[in-house]
Each structure stands twice: as C-alpha cells, then as structure tokens.
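Good morning, and thank you for joining this session. I would ask you to keep the sequence and the three-dimensional view open while I speak.

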Amino acid sequence: DRFYVDPLPGCTIAPSDLDWSAPSVSWSKTPFANKYVPMRSIADMPSEEWARLAGVSADARYEAIKSHDKLSGRVNMDRGSIVHQWAEDLLLGRTALFAEPNRWADGALQAAEPFRPALDAFFDAYQPEAFAVEAVCLHRTLNEIGYGGTMDALVKIDGELWCIDWKSRHSDHAAYLEEAAQGGAYIGAQYMIVAGENGEAQRVAIPDVAGVL
C-alpha cells in the first residue's frame, strides 16, 4: 500500500512521467521473523498482568493482549524513529530534536537509550561523513514495474561511500538477508532524488558505492 512517484520535470537522468508509480522496497521485503514479533511482545507482559488475565473472560483476555501488542508495536516504531533521528543528528551536526515531551509513546525514549552507546561508538570509530541523508532511490523499469525506496544515509568512510540502513531491534544476529537486499536495491537504483544547494529536489546518479551497512 506504499508507492513511489517522481513528479520532477524531465532531465538528462530521467524523462518526466507523471503516470509512473512503483511499489516500495520495504513493502516488497518482509523478514521471516516478523511473525514472531507479536509473540515476543506478549511474552514481555508483566507477570502480574498474566495473573490478572487468568481470571477474566477469553474475550477480555484477547482484547488485553491485542492492546498490549499494539502499544508494544508503537513503542518499537517510535524507538526506531528516535535512533534514526539520533543518527541523522550526528551525521548532520545538529542538536538533538527531543524537546517535545509528547512526541513519542510512553517508554519509547527509554527503549531507545540502550542503543545510543552503540551508535556513538560507531561514529567515534568510523567518523562517517554525510553524502546524502534520506535520499529517495528510484528504478523506473525493472521487470517493467520498477521500485522506489528511501535510503537512510549514504556516507563516506575512509574515502569510500557506504549505504546505511539503521536498525534498532533486540537480536542475537546482525541483519536479515532481506535487509541486505533492501540496501542492494537502493544502490542498484537508476538514480536518487536529493536536496540541491537551494533545497530544491533534484535527480542525481547513484555514485559508486563500496557496499551496504
């Protein structure tokens, strides 16, 4: 249910085509472990809540578990947004944007805090320089359909460009294969849309990229 379009006028990189649209890369890839997320969130319910649910009707128990899973999903989503925002702040050298107390779900900021040391350590160790942030990457012809996606960042490390997709989840492994493929789709796109010197949207070619992080 998420599609990309390109409303820009034609240029040497791509012609104008206001009728073109294509599905999002993130819609096309779904890590197989996603089906375990609701079970994991339910398993995290406090023991006293489990004791309370034992004494209510099946319908009430179902609604309580569904409500808990929905709140957990909102916290996880906001946690990811916070970590992404921290990463952008560090890349762009700006002050963190977390003054609004009601911006995030209760508990989201606390859930994000354990990820900050790893983020700081990455920036301290590799000193990435921003080349593009939140760049829209488009392929207009693949399989006569095409695709679109938004790359979290394109950064320069030791003279090489790397595509970055920030992830914030509790896991005992690195990335899913589908997530690596998602990064591959970004750097395999025909072009990307970035902000020009005056802030206007413009198409640019995808540069040579060393890989995906």
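I begin with the disulfides: the count comes to zero. Please bear in mind throughout that this is a predicted model. Cysteine 163 takes part in no disulfide, and the nearest cysteine sulfur, which belongs to cysteine 137, lies 7.0 Å away. Because a disulfide requires a pair of cysteine sulfur atoms within 2.5 Å, that pair does not qualify. Is cysteine 163 buried or exposed? Its relative accessibility is 0%, so cysteine 163 counts as buried. Cysteine 11, by contrast, is partly exposed, with a relative accessible area of 37%.

Let me now give the overall composition. The chain contains seven helices and eight strands. Of its 213 residues, 37% count as buried. As to contacts in the chain with a separation of 6 or more, 63% of them are made by residues 24 or more positions apart.

I turn next to the sheet. In which order do the six strands of the open sheet stand? The order is 7-6-3-4-5-8, and the pairing is mixed. The edges are held by strand 7, residues 201-205, and strand 8, residues 211-212. Each of these two has a single partner strand, so one side of each is left without a neighbour in the sheet. As a general remark, strands of a sheet pair through backbone hydrogen bonds, either parallel or antiparallel.

Both senses can be followed here, pair by pair. Strand 3 and strand 4 are antiparallel and are joined over nine bridges. Within this part of the sheet, alanine 135 has methionine 151, in strand 4, as its bridge partner. Strand 4 and strand 5 are likewise paired in the antiparallel sense, over five bridges. There, lysine 156 stands opposite leucine 161 of strand 5. Strand 5 and strand 8, on the other hand, pair in the parallel sense, over two bridges. Here we meet cysteine 163 again, as it stands opposite valine 212 in strand 8.

The loops between these strands deserve a closer look. What is notable about the backbone of aspartate 158? Although aspartate 158 is not a glycine, it has a positive phi of about 50°. For context, most residues other than glycine have a negative phi. Aspartate 158 is in the loop between strand 4 and strand 5, the latter spanning residues 160-164. These two strands form a hairpin with two residues between them, and aspartate 158 is in the turn. With a relative accessible area of 75%, aspartate 158 is exposed.

Another positive phi is found at asparagine 143, near 55°, again in a residue other than glycine. Asparagine 143 is placed in the loop between strand 3, residues 129-139, and strand 4, residues 147-157. Its relative accessible area is 64%, and asparagine 143 is therefore exposed.

The loop between strand 3 and strand 4 also holds glycine 146. Its relative accessibility is 9%, so glycine 146 counts as buried. Which residues does glycine 146 touch, not counting residues up to four places away in sequence? They are Ala22, Pro23, His139, Arg140 and Thr141. In addition, glycine 146 and serine 24 are 122 residues apart in sequence, yet their C-alpha atoms are 9.3 Å apart in space.

Among the helices, I single out helix 4, residues 58-92, where aspartate 78 is found. Aspartate 78 is a charged residue that is buried, with a relative accessible area of 7%. Leaving aside neighbours within four places in sequence, aspartate 78 is in contact with Arg103, Trp104, Ala105 and Ala108.

Finally, I come to the second largest pocket, whose volume is about 620 Å³. It is lined by 21 residues, of which Asp165, Trp166, Lys167, Ser168 and Leu213 are the closest to its centre. The elements that give two or more residues to this lining are helix 6, residues 116-126, and helix 7, residues 177-187. Which element gives the most to the lining of the second largest pocket? That is helix 6, with four residues. By class, the lining of this pocket has 14 nonpolar, three polar and four charged residues.

That concludes my presentation, and I thank you for your attention.

Methods. Residues are numbered from 1 along each chain as its sequence is written. This is a predicted model: local features need pLDDT of at least 70, side-chain atom pairs count only at pLDDT 80 or more; totals for chains, interfaces and linings use all residues. Side-chain values use heavy atoms; hydrogens and water are left out. Buried means under 20% relative accessible area, exposed over 50%, partly exposed in between (1.4 Å probe, protein chains only). On a 1 Å grid over the protein atoms alone, a cavity is a set of points where a 1.4 Å probe fits but cannot get out, and a pocket is an open set with protein on both sides within 12 Å along at least five of seven lines; lining residues have an atom within 4 Å of a point. Grid points are joined across faces, edges and corners, and a volume is the space filled by probe spheres set on the points. Contact means heavy atoms within 4.5 Å. Two strands pair if DSSP finds at least two bridges between them.
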